[in-house]
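Here are some exercises to work through with the model open in your viewer. Try each task before reading its solution.

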Amino acid sequence: MPVEVTWWGHATCTIEDSNTRVLTDPLFARRLAHLRRRRGALPSPDAHRADVVLVSHLHADHLHLASLARLAPGTRLLVPRGAPRAVPGLRRLGGLRVTEVVPGDKIAVGGLVVRAVPARHDGRRLPVGPHRSPALGYVVEGEARTYFAGDTGLFDSMAAEVGPVDVALLPVGGWGPHLGEEHLDAGRAARALAGLAPRSAVPVHYGTYWPIGMDAVRPHEFHAPGDEFVRLAAEAAPEVAVHKLGHGEGVRLEVAR
């Protein structure tokens, strides 16, 4: 049975499985603080439509209040535990059904079960805030098992924590010229792919936003991670089909069980 994945840019994807629409880390802004959208048109209104929305952590490019406000009333929203306390604006989005989760939690939505899994990343609402909310990934289980990694570094127990998956949506870059160990770059993402061993993978979290005034600063860090991931994944995990999507493009993946 097929699962469909559409990449809208950055970490924002739609996963369609078992007649249920899942939206990840929605960011529908042309500009966010010092960042501006350099590639891809803003997502169409169709991107705002979802049965459940997954927020991986509290950074403003992943938990973006103005984008969440565009969701239809009644939409289910999964957030890391402690998010409404750390981000008071969440409590003012009264039309959304907010559920706080931690690794290991399972939430049934339509024909799916969404399982929260750990991520190695600073989960605070920056630039200030205590460590009260974990950064998360999610596994969406329906006809397929689709892993949305959120924002994470590589960690030894990743494959064990995530479990068997058919599709992996992996971050391969960022929004600036420097990535720390709590991020996957193309090389670390390829190593993660080898451990996870899904049937298919889609690189995300690159090539969309870039700091204003830094267009000429190490531009390869902005443009290259997708192609670099494709090249390195072919070496590290040649059995995995990698689909590098353009902004707004989707792929239909057949999953045999």
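### Exercise 1: two loop residues

At 58% relative accessibility, A33 falls in the exposed class (exposed means over 50% relative accessible area, buried under 20%, partly exposed in between, with a 1.4 Å probe and protein chains only). Before going on, a note on the model: it is predicted, so local features need pLDDT of at least 70 and side-chain atom pairs count only at pLDDT 80 or more, while totals for chains, interfaces and linings use all residues. Residues are numbered from 1 along each chain as its sequence is written, and side-chain values use heavy atoms, with hydrogens and water left out.

Task: place A33 in its loop and give its phi, then do likewise for N19.

Solution. Start with A33, in the loop between strand 4 (31-32) and strand 5 (35-37). Strands here are DSSP runs of E with at least two residues, helices are runs of H or I with at least four, and both are numbered from the N terminus. The phi of A33 is positive, about 55 degrees, although A33 is not a glycine. Next, N19 sits in the loop between strand 2 (12-17) and strand 3 (20-24). Its phi is near 60 degrees, again a positive value in a residue other than glycine. N19 is exposed, at 83% relative accessible area.

### Exercise 2: strand 13 and its neighbours

Task: find the sheet around strand 13 and say which way its side chains point.

Solution. First, the sheet: it is open, has seven strands in the order 9-10-11-12-13-14-16, and its pairing is mixed. Strand 9 (106-109) and strand 16 (241-242) are the edges, each pairing on one side only. (Two strands pair if DSSP finds at least two bridges between them.)

Now the partners. Strand 13 (residues 167-171) pairs with strand 12 (residues 145-148) in the parallel sense over three bridges, and with strand 14 in the parallel sense over five bridges. T146 has V167 as its bridge partner in strand 13, and F148 has L169. On the other pairing, L169 is bridged to V202 of strand 14.

Last, the side chains: V167, L169 and P171 point one way, A168 and L170 the other, and all are buried.

### Exercise 3: helix 4 and what it packs on

Task: describe how helix 4 meets the sheet and helix 6.

Solution. Take the sheet first. Helix 4 lies across strand 12, strand 13, strand 14 (200-204) and strand 16, at about 160 degrees to strand 13. Angles run from 0 to 180 degrees between N-to-C directions, and axes are lines fitted to C-alpha atoms, for helices over the stretch in contact.

Then helix 6: helix 4 (residues 186-196) and helix 6 (residues 225-236) pack at about 35 degrees, with axes 8 Å apart. Among the residues in contact (heavy atoms within 4.5 Å) are A190 and L193 of helix 4 and F229 and L232 of helix 6.

### Exercise 4: the cores

Task: which residues have the most contacts inside the largest nonpolar core?

Solution. A nonpolar core is a set of buried Ala, Val, Leu, Ile, Met, Phe, Trp, Tyr and Cys residues joined through side-chain atoms within 4.5 Å. The largest one has 55 residues, and Y138 and Y147 have the most contacts inside it. Helix 4 gives the most to this core, with six residues. Leaving aside neighbours within four places in sequence, Y147 touches residues including Y138, V167, L169 and L196. A second, separate core has 18 residues, including F28, L63, L71 and V79.
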